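I opened this notebook to record what I looked up, entry by entry. The notes begin with one chain as a whole and then turn to single residues and rings.

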Amino acid sequence: MSDGYILQMKNITKTFPGVKALSNVTLEVSKASIHAICGENGAGKSTLMKVLSGVYPHGSYDGHIIFEGKEMAFKNIKESERAGIVIIHQELTMIPELSVTENIFMGNEIVERGLINWDQERKKTRELLEAVGLHINPNTIIKNLGVGQQQLVEIAKALSKNVKLLILDEPTSSLNESDSENLLKLMLGLKKQGITSIMISHKLNEIAAVSDYVTVIRDGQTVDGYAVEAGKVDENKIIKAMVGREIENRYPEHTPKIGDVVLEVSDWNVEDAKVPGKMLCKNSRFNVRAGEIVGFAGLMGAGRTELMRSLFGKTIGIFKGGTIRIHGREVKIDSVQDAIKNKLAYVPEDRKVLGLNLLDSIKKTTVSANLDKIKTRGLLDFDKERAAAEKYRVSLRTKCSNVGVGVNTLSGGNQQKVVLSKWMFTEPDILILDEPTRGIDVGAKYEIYKLIHELADQGKAIILVSSELPELLGMADRIYTIFEGQITGELPAKDANQEVLMKKMTITA
Amino acid sequence: MKYIKKVLGEDLRQYTMVVALVALIIVFNIASGEKMVTSSNFQNLISGNAYVLVLALGMLMVIVIGQIDLSVGSVAGFASMVMAITARQFNLPWYIAILVALAIGMLAGAWQGFFLSRLGIPGFITTLGGMMIFRGGVIWISNSISVPVPSELKWFGAGYLPEWGPAFTGMNNSTLLLGVLAIAVYIIIQLKKYARSGDITGEKEEFWPVAVRIVLVTVVIGYMTWIFGSGRPGTSFPIPGLILVILIILYHLITERTSFGRHVYAVGGNKSAAELSGVNVKRTYFLTMLNMSILAAVAGILFVGRSTAAGPADGTSWEMDAIASVFIGGAAVSGGVGTVIATMVGGLVMAVLNNGLMLMGVGADKTQVIKGFVLLAAVAFDVYNKKNRR
């Protein structure tokens, strides 16, 4: 029954406390093929791969994994690697200060009488590098290689473990175009040698170029799967399968009162600081009006956050030109201080890493971006601080025993409200919200949505960056789509639907 | 317990070290045959340890931003040696010499701040270099010979407040005046705070905890005034102690009530979040290191004033005492946590240990061992406490 299949995952169900991440997922991969898996952010692709590679050990999920005709019960990554399944993560996992040889044999050294046989390792490394088409000295230090080359070394490392099934998680997301092309060619070459690959990817053009079969996962379920014929893929069909669900009435009613253009960005260019030649923003051009909520749609790594952070004081990448106009006047924003002075506010996507000092109390956090406002005769005035914190606690309906408690004691939704209070306290004209509802439960989301509407009604220009298309369609008045650092479309929310957006988010227009 | 919390505030943990300090004083007083709690010993304790506490003030801020400064002892030694040479060999007045010492501190701080903030070299490395450079510098410019300082400078290290007024008080009237002033200021602050309470939350505080606080503080300050003021004639609360108290108030205000202070904690707590909130991280690093070295120069001046000469080995391993004080005071190695007051309590614990063991005739070797254990115990206790609270 396992004819032609190297891998069958049957009825995989994986639950985390309170969340069903995967339910009854089935995945069948043919020998010596390239199998693409696609789906929205958070659809369960990575969870499925973690189940397969033993990151989530046997017993922590339900269902069966049959690999080369035998039922498998991996307890950890080591066991799955021994069986010939190797996963290459989105973030590379090599040690930058060590050589290619050392990295390839890390944890797997060729040892003779207690000592490493370097000659043997170097010889094998050279062979492996040839196999992936990389002509470099095995003694090269990893950090001196480009990201594309590093990825090839990762694959060489996988080959050193006699890989039979290679899993690549968004392999081209951090590569420039020529490196991506190289990688795809290599995958086709490996296929000829009988190595099977699973590729997780958002990029439909890449899927069309190399894959033999596509499986679409949505909300933790397999929703569709079909063979790709002769390098052709029906993109519309995949997009429809990816977004599928209906928009429920999870968004408050709102009639926008839209005014003049407040923010106008033109020809904004930013280069990746780590990958020369890769542009994080390519000639980005957009505007936001007072009272308007403008959505930015794009898949992970498309450059939404990068665009926002480079606008907010150039805190990311290398600036390569572009202008910002606020209320029609060109402004120079070279630091976060400049941005705040120009009435910009940015609520970052990662609350705990970028938004909060978890050691601080609610009141200290609330005033932290505008300390001048609570000063009396040059000194911070604790009464004013408390009054400000109380004001936002009440108006944002933050649930806490008092404003003196630490922000680390709050739930995600309430923490987000504190971050919002902090930026509202700077009295911005333009508020950039990057994934404001990530990791927040449904009830709290609704409250955040209402707050966003209130802010828009006060005449603030709001930029809403989100990975959830229903959220953008439910909240935004106008939506821009981003793909690979480029703005690929602009359309009024009432004319948009998930299919149209997904298409613009995955294909260069 | 509920009543104690009302008087002292919700977080009682911060008083653990205060309790330990008081316990140490009592135990040593008994063990040494009541030699601990005397006017002369307390005066001695303060003027002999003021320089370490001054260093600890700066070190606290350095540790809060998540760095360390190993060079403070060498900078203190270098600044005071230059001061002594300025006064002696160039025959310049004492106040010029002091300004020169402070300027040296400022330059040393700017130097180290530059490497940390502009080049991103960790403070540990930057100041390890500084430690060697300035220690070598002291020995170099002094030719390994002690240089006496002018007598005016002795006032800063070992001076006392003037005697005046009636004798019937039975004590030094300057000290008495200071004590009375301190109590009065405390009462006014407490009453003002009480008057304002409830303006925001609408819930007026009860009055009795305020009254209890006032009585408690009055008794403590009053007793201290008596101890320090009732020594042999001509002695009082020591000048280095007064300088220290002024600096404590100043730095308490800086850390708690200024933007710069908030930025220090923000950078130490979460550098990325601080940066995205508009904090100039580089500037905060720079100023904190600059400030540390200026305070090191102050510490050097106090020490040299007391020992009457600048020696080539002055300042050796002071950084360790300062760092220990900060950690005994509950600061976190990872940064972001620590207060001026707690650091001062931590420093006093070290000082009382030194002093008490000496009174009991315990040698410097064993004292060192005991101090090491106390540091470990204090930090272990703190870590254990934090873990259990989660």
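**Entry 1: chain A as a whole**

I looked first at burial: 53% of the 509 residues of chain A count as buried. I note here that the model is predicted.

I then looked up the secondary structure, and chain A comes to 17 helices and 25 strands. Its radius of gyration is 25 Å, and the globule rule gives 23 Å for 509 residues; the two are close, so chain A is as compact as a globular protein of that length. For the extent along the principal axes, I recorded a C-alpha trace of about 75 × 50 × 45 Å.

How much of the contact set joins residues 24 or more positions apart? Counting contacts in chain A with a separation of 6 or more, I found that such residues account for 67%.

**Entry 2: surface and charge of chain A**

I recorded an accessible surface of about 21,700 Å² for chain A. Carbon and sulfur atoms hold 48% of that surface.

I next looked up the charges, which number 67 positive and 66 negative in chain A. Their mean positions lie 3 Å apart.

**Entry 3: two residues of chain A**

I located D179(A) in helix α6, which covers residues 177-192 of chain A. Its relative accessible area is 26%, and I therefore entered D179(A) as partly exposed, since that class lies between 20% and 50%. I also looked up its separation from A496(A): the two are 317 residues apart in sequence, and their C-alpha atoms are 34 Å apart in space.

I found N414(A) in helix α14, residues 412-424 of chain A. Is N414(A) buried or exposed? With a relative accessibility of 9%, N414(A) counts as buried, because the limit for that class is under 20%. Setting aside neighbours within four places in sequence, I listed the contacts of N414(A) as R397(A), T398(A) and K399(A).

**Entry 4: a covered helix in chain B**

I turned to helix α11 of chain B, residues 259-269, and found it mostly covered. Ten of its eleven residues are buried. Among them I noted S259(B), F260(B), R262(B), H263(B) and Y265(B). The buried set also includes G261(B), V264(B), A266(B), V267(B) and G268(B).

**Entry 5: aromatic rings**

I counted the aromatic pairs over all chains and obtained 21. One that I examined is W111(B) with F115(B), an edge-to-face pair with 4.8 Å from centre to centre and 70° between the planes. Where do these two residues sit with respect to each other? W111(B) and F115(B) are four residues apart in helix α5 (residues 94-117) of chain B, so about one helical turn separates them. I recorded W111(B) as partly exposed, at 42% relative accessibility. F115(B) is partly exposed as well, with a relative accessible area of 21%.

I then examined F228(B) and F237(B), whose ring centres are 4.8 Å apart. Their planes meet at 90°, so I entered this pair as edge-to-face, a class that begins over 60 degrees. F228(B) counts as buried at 6% relative accessibility, and F237(B) counts as buried at 15%.

Which residues form an aromatic cluster? I found W94(B), Y95(B), W155(B) and F156(B) together in one.

Key
Residues are numbered from 1 along each chain as its sequence is written. Chains are lettered from A and ligands numbered from 1 in the order in which they are written. This is a predicted model: local features need pLDDT of at least 70, side-chain atom pairs count only at pLDDT 80 or more; totals for chains, interfaces and linings use all residues. Side-chain values use heavy atoms; hydrogens and water are left out. Buried means under 20% relative accessible area, exposed over 50%, partly exposed in between (1.4 Å probe, protein chains only). The radius of gyration is taken over C-alpha atoms; the globule rule is 2.2 Å times the number of residues to the power 0.38. Contact means heavy atoms within 4.5 Å. Accessible areas come from the Shrake-Rupley method with a 1.4 Å probe; for residues, only the protein chains shown count as cover. Lys and Arg count as positive and Asp and Glu as negative; His and the chain ends are not counted. The place of a charge is taken as NZ of Lys, CZ of Arg, CG of Asp or CD of Glu. Rings of Phe, Tyr and Trp (its six-membered ring) pair if their centres lie within 6.5 Å; planes under 30 degrees apart count as stacked, over 60 as edge-to-face and the rest as tilted.
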